[in-house]
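Today I sat down with a model to look up its salt bridges. Here are my notes, in the order I made them.

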Amino acid sequence: MRNLWSFPSSCLTAVASSAPRSASRSQATRVLHSLPKASTVSPQPFRTTRAFSLTSRLFQHLKAASDEETMTVSTTDRLAALRSLMKERNVDIYVVPSEDSHASEYIAECDARRAFISGFTGSAGTAVVTLDKAALATDGRYFNQASKQLDENWHLLKTGLQDVPTWQEWTADESAGGKSVGIDPTLISPAVADKLDGDIKKHGGAGLKAINENLVDLVWGDSRPPRPSEPVFLLSAQYSGKGTAEKLTNLRKELEKKKAAAFVVSMLDEIAWLFNLRGNDITYNPVFFSYAIVTKDSATLYVDESKLKDEVKQYLAENGTEIKPYNDLFKDTEALANAAKGTSEPDKPIKYLVSNKASWALKLALGGEKYVDEVRSPIGDAKAIKNETELEGMRRCHIRDGAALIKYFAWLEDQLINKKAKLDEVEAADQLEQFRSEQPDFVGLSFDTISSTGPNGAIIHYKPERGACSVIDPDAIYLCDSGAQFFDGTTDVTRTLHFGQPTDAERKSYTLVLKGNIALDTAVFPKGTSGFALDALARQFLWKYGLDYRHGTGHGVGSFLNVHEGPIGIGTRKAYIDVPLAPGNVLSIEPGYYEDGNYGIRIENLAIVREVKTEHQFGDKPYLGFEHVTMVPYCRKLIDESLLTQEEKDWLNKSNEEIRKNMAGYFNGDQLTTEWLLRETSPF
């Protein structure tokens, strides 16, 4: 099992574009360029291929055997060392989040501080350590794992259960009596920090204190894994579709609109997109550790220069971008803050922009509230609207991805039914990855494959573990949620199948979910409509029977970037109210239904938002709709035709015809897959 990260020469070609610098520079630019540049290490040879395990590198040192989810690590010495450091710094309570300094969904092994200090390796949770107690909060996905991994030093806070406090509430309660609470300010957003500080003070605590040295890192010491230093490569114009010079020009227009001196970029996917670069520092996400500062007439990329080949450096220079060491970022932001304090008019302070996902540390370094505006990132907004090259890439990569999935499902059915093979969930997922890796432009997976049989499918974020997962039951529902990274796009698709004879209840549930998927896919709505407003379309058929699902209906997807991409989505989150869908958005449509202890059903396609022609245009508004790009058929034996309208049957027939057309030539000489495809796409 492997993820093959191969970088063909076509991807290393610099895009021919340039961004001449203005003769007169803004004050923010002059401050940045007056600072000394630290020495850099000579570049290491660029590795053209890279393999890494499907198991996240994040926890390789803690999860090296099949039974590691039951392994308990003694944390007595670690906690003693941490408490000693807390006393030295007059900190009574210390908070250890799961996040890294860039608010990444996935983190590098060196940032797994909460896992190190607690021994709990689940992906979600927060540790809070007092001078005589320690608590770990996590959600229902990880109650069992946490109870097995935490040693006697820890109290498990089961988030979401009645009468169980959140980690914030527990921290505030413990702070009573004037106790101080410390946290690494790079690991928390200003909004969360402000609320926590207020809660602490309401309970009689001394407030939240920023501790610039991470105390867990000090305890970890020399055994802490090094920060990844994987090569950074250029994404050529054939995949990116837009040069960095144009992207910088558009960003500077946003600075002008907001009357801001600079934008400090902290989100890794935004930096990768802005500079048409990709990396491999974070599992499943082709990004690299970096920051950037863009002013009205300059751009600076903060990155370990040893990661950059000459063509990358040349490309950045041609696009008016200076390279500075990653660790120089906070020194330079403090210089910007000092410049603002020294030159701002009292009633018109110089303003710097940061994303509303940036860290508290970054806001503090830039001078705090007076000099910083937290905004929804203009880069995030621009990145979410794919250009025509990116959209065409998404269409192409989903055809190849569909071919791999179709081959996999045909193979799996044959193994289970004809060959009577005993395959567990991970062994099956391994084979799916192998089929994907055979497709052109494959880079790796976009997330852990959810290969789940029977009751495991009812666990929404289930992750099978090697040696500790279930054998696939051919007489039970099988749910497979998986995705891949290709140079021309990112995929995420869920299909639910049954290899035996499903029950009437299973067929009914599946068909209600399918109807919701079709309803959203065929929706037409005026420009300005949000994903919040569309969510009910996918749930309506379940609602008629008093059924529902406890997750959002859709999320944005990057273009050879993060599989979960803001700011758009379909669901009931408040954030989705604020951002209307726009032509060029790519997002998932994934209604589901889950019967605890029995089965789970989810049907997920990726779709492009596009403008559609309507007979009328009320209010002179354009109308929008969806174009699905996922090319995988639906499970024929799980569909109850009696519940479908003629229009829905016509939609399925058209979709199946499109799949067969796009699969032409992929299965020549492969009778098994060809017969499976023809059967699953036969007309209704």
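I began with glutamate 88, which pairs with arginine 89 in a salt bridge, the closest N and O atoms being 3.3 Å apart. I kept in mind that this is a predicted model. I then looked up accessibility: glutamate 88 counts as exposed because its relative accessibility is 56%, and exposed means over 50%. Arginine 89, at 24%, counts as partly exposed.

Next I turned to helix 9, residues 244–257, where lysine 257 and glutamate 254 both lie. Their side chains meet in a salt bridge, 3.3 Å from N to O. The two sit three residues apart, about one turn of the helix. How exposed is each partner? Lysine 257 has 62% relative accessibility and counts as exposed, while glutamate 254 has 22% and counts as partly exposed.

My third pair was arginine 395 and glutamate 627, a salt bridge with its closest N and O atoms 2.7 Å apart. Which parts of the chain does this pair link? They are distant ones: arginine 395 belongs to helix 15 (residues 388–418) and glutamate 627 to strand 30 (residues 623–628), 232 residues apart. I noted arginine 395 as partly exposed at 23% relative accessibility, and glutamate 627 as partly exposed at 21%.

Then I looked for a network. I found Asp111, Arg113, Asp217, Arg224 and Arg227 linked by salt bridges into one.

Last, I wrote down the total: the count comes to 41 salt bridges, taking a Lys or Arg side-chain nitrogen within 4 Å of an Asp or Glu carboxyl oxygen.

Conventions
Residues are numbered from 1 along each chain as its sequence is written. This is a predicted model: local features need pLDDT of at least 70, side-chain atom pairs count only at pLDDT 80 or more; totals for chains, interfaces and linings use all residues. Side-chain values use heavy atoms; hydrogens and water are left out. Buried means under 20% relative accessible area, exposed over 50%, partly exposed in between (1.4 Å probe, protein chains only). Helices (H or I, at least four residues) and strands (E, at least two) are DSSP runs, numbered from the N terminus.
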